Amino acid sequence: MKFFEAVRLAFATIRVQKLKSFFTALGVCIGVMFLITVVSIVEGMGKYMENELVGKLIAINSFELRHRPSINIGDVSRETWLEYNRRPRILESDVEPVVAALPTDALWAMYSNGSIQVESSFGKPRSAQITAFDGQYLEIKKVGVTTGRSFSQVDISTGTSVVVIGPDLAKRLFPDLNAVDRQVKIGGRFYTVIGVGESLGSAFGMSFDNYVYAPFRSPVHRLLNPGAHQIDGMIVQVATAEALPDAQESVRGIMRARHQLRPAQKDNFVLETSDTALEFWNKIKSYLVLAGIALPAIGLVVGAIVIMNIMLVAVAERTHEIGIRKALGAKRRDILLQFMIEASTLSTFGAAMGIALGAIGAYAIRTMTPMPTYVAPWSIVVGVLIGAGVGIISGVYPASRASLLDPVAALRQE
Amino acid sequence: MTTTAERQAVLTAANTAPDKDWVIVTRGVCREYDMGGEIVRALRGVDLAIRRNEYVAIMGPSGSGKSTLMNTIGCLDTPNSGEYWLNGQKASEMKDDELARVRNKEIGFVFQTFNLLPRATALANVELPLVYAGVPSAERHARAKEALERVQLDKRMGHRPNELSGGQRQRVAIARALVNRPSILLADEPTGNLDSTTSEEIMRVFEELASQGQTVIMVTHEPDIAAHARRVIVLRDGVVASDDRRENFTTKLGL
């Protein structure tokens, strides 16, 4: 018997028993539905991380020079941590030689940052992410100013006590007021708000709009750096992705020379790119995907048991039919194929329903909650494969029982 | 014409394939069953030789082993000992899948209870052996239709078994048995579930097939049904008790 015949037969049997088939397939349907939905949430967050978040946190075609990573992947051992702490800090004096080694069209900035309490006379004090910078930090990070103005060359070079604050912070510190030209107090000193910056959005309920930017040479930098002339890092943005490795290599060369490292010694600084951040995310994502697969897997196991049970009942119910088929020349393989395909068709049908419901679920989540979802094509393929796989696995035992029936005994049974 | 001497010669030539004229040869076929520790000896050395184109009835009281013999001849079962040659092939030593192939190609079954698939139409039922023979769909339809025409049921081929009368069902079963052009038509009490008028109708179909040269082997316990055959083999206690040819019957039919 040809494969196609077996599929046709399976469809005929399922068509005759619509309701029973539907309930049989329900287990797999629910399993696959959860799989598709959960994976769509994880994938959606992944897309969001890749396209939005990382682009905001770490600008495109850029890298940061720091004495230790800002993002740590997994557990950092005590030894590594101690080694990080022994590393020399990046100094203001490193900036000039590094900039000299960069291509002329590269943008650069040096910065220090930290979380510090900001006060105003109009609202409750609030902790904000303060970045003191010199260079084209706002251009690299693509932070524009919506009201007021941005820093002038004079602000940056002389270090005037002015700040640009994020929209969330503006709302908190100056409720229903225009923040521009009003004063905030940071570390006991007053700074004039010259502008309110653009919204950088939020991720997972965490706002990125709680920021303060200030000129590096303004008094605020003393709050951010423990030692004189130390900086947290530099950020460099080159024109194209192709120019990125070269720029990183020249900066690495300069820094190794300045730290007087011998060839055998490892770098005692890091050059972080957006890939580093993505690597971190991908690590989290792999766990999430694993959980997203493990939980629906329980549903699929239940689905497989249901299908196996139904198939065993079907074999018992159709013993006489199997006898007739065998008498008419059905080989073991034909009977095996018939029941396997029936089981696989049932579960693939369940998987198809699950995929449809999962996609609808993903859409519902996207429209009704702030969670971004994305139905990955691979999850659909996995869904179908799981459907067929569950069918095959749960069909093997009943089908082999059917195929091994003795034709004489099977015919005798009514 | 078959003579007893000739038949005797075929039966004693152990382990040699009989001449192709002999469609069925069994040599000392034994079949035992283990019924919960008790050994039931259903066949105790059956010697049979049936030529092509013969119309044979196998009779015997219940428990005489005729069902077991029919299952053995039909390749549904294999003997514990002895030889069974079907159409020149040694069926007694075949594996399951070979037996399935032989059942498909060489044997057309007609059962007492019809054994049609209830959810399939008459046409689909008749097509079934062709499905397992791997015949492509279009040819299958044509051949199944032709077989239904042979039993005058082509008008009802779209009907399911429960929409057909007993006689019609049995004719569908006969069409199904014939569709693969088998060497033997093997009927097990083909009229057992039919009234006497319908029985006669079915027996006329068998007679016609036999007259067209189809080998027919029929298991029955009804003497008037067996009377249609040209040779009657009677089993008793798992052995052949008598084997009578009815030359006069053949003459009557003008063969």
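**Entry 1: Ser120(A)**

I started with the contacts of Ser120(A). Leaving aside residues up to four places away in sequence, Ser120(A) touches Leu173(A), Phe174(A) and Gln183(A). I note here that the model is predicted. I then looked up where the residue sits. Ser120(A) lies in the loop between strand 3 (107-119) and strand 4 (126-135) of chain A. Is Ser120(A) buried or exposed? Its relative accessibility is 15%, so Ser120(A) counts as buried.

Next I checked what its side chain reaches. The side chain of Ser120(A) comes to 3.1 Å from the backbone nitrogen of Phe122(A). A polar atom of that side chain also lies 3.3 Å from the backbone nitrogen of Gly123(A).

**Entry 2: Glu64(A), Tyr111(A) and Gln230(A)**

I moved to Glu64(A), which is found in strand 1 (residues 62-66) of chain A. Glu64(A) has 7% relative accessibility and therefore counts as buried. Which side chain does Glu64(A) join in a polar contact? I found Tyr111(A), at 2.3 Å.

Tyr111(A) led me on to Gln230(A). The two are 119 residues apart along the chain, and their C-alpha atoms are separated by 9.7 Å. Gln230(A) belongs to strand 12 (residues 230-231) of chain A. At 17% relative accessibility, I count Gln230(A) as buried. I listed its contacts, again not counting residues up to four places away in sequence. Gln230(A) touches Arg89(A), Ile90(A), Leu91(A), Ser112(A), Phe216(A) and Asn225(A).

**Entry 3: positive phi**

I noted two residues with positive phi. Asp176(A) has a phi of about 60°, although it is not a glycine. I placed Asp176(A) in the loop between helix 7 (167-173) and strand 7 (183-186) of chain A. Its relative accessibility is 83%, so Asp176(A) counts as exposed.

Phe114(B) has a phi near 65°, a positive value in a residue other than glycine. Phe114(B) also sits in a loop, between strand 6 and helix 4 of chain B. Is Phe114(B) buried or exposed? With a relative accessible area of 9%, Phe114(B) is buried.

**Entry 4: helix 6 of chain B**

I measured nothing here; I read the computed span. Helix 6 (residues 166-178) of chain B has 13 residues. From its first C-alpha to its last, helix 6 of chain B reaches 18 Å, close to the 18 Å expected at 1.5 Å a residue.

Why is helix 6 of chain B largely enclosed by the rest of the structure? I found that 11 of its 13 residues are buried. The buried residues include Arg171(B) and Arg176(B), along with Gln168(B) and Gln170(B). Val172(B), Ala173(B), Ile174(B) and Leu178(B) are also among them.

I then looked up the packing partners. On chain A, the buried residues of helix 6 of chain B pack against helix 11 (319-327). On chain B, they pack against strand 6 (107-110), helix 4 (122-133), helix 5 (137-150), strand 7 (184-188) and helix 7 (196-211).

**Entry 5: cysteines**

I searched the whole structure for disulfides. The search gave zero over all chains. Why is Cys30(B) not bonded to Cys75(B)? Cys75(B) holds the closest cysteine sulfur, but that sulfur is 17 Å from the one in Cys30(B), too far for a bond. From the other side, Cys75(B) is in no disulfide, and its nearest cysteine sulfur is that of Cys30(B).

I also checked burial for both. Cys30(B) has 18% relative accessibility and so counts as buried. Cys75(B), at 1% relative accessibility, counts as buried.

**Entry 6: domains of chain A**

I read the domain assignment of chain A. Domain 1 covers 3-53 + 280-412, and domain 2 covers 62-272. How far apart do the C-alpha centres of domain 1 and domain 2 of chain A lie? I read 52 Å.

**Entry 7: confidence**

I finished with pLDDT. Chain A has a mean of 87, and 95% of its residues reach 70 or more. Among the elements of chain A, strand 6 (residues 162-165) has the highest mean pLDDT, 94. Strand 9 (residues 202-203) of chain A has the lowest, 65.

Chain B averages 89, and 95% of the residues score at least 70. Over residues 249-255 of chain B, however, the pLDDT is below 50. In the model, this stretch has eight contacts beyond near neighbours in sequence. Where pLDDT is low, predicted coordinates should not be read in detail.

Conventions: Residues numbered from 1 in each chain as written. Chains lettered and ligands numbered in written order. Predicted model: local features only at pLDDT ≥ 70, side-chain atom pairs only at ≥ 80, totals over all residues. Heavy atoms only, no water. Domains from an automatic or database assignment. pLDDT = per-residue confidence, 0-100. Contact = heavy atoms within 4.5 Å. Helix = DSSP H or I, 4+ residues; strand = E, 2+ residues; numbered from the N terminus. Expected span 1.5 Å × (residues − 1). Buried < 20%, exposed > 50% of the residue type's maximum accessible area, 1.4 Å probe, protein only. Disulfide = S-S within 2.5 Å. Polar contact = N/O pair within 3.5 Å; in protein donor to acceptor, adjacent residues only side chain to side chain.
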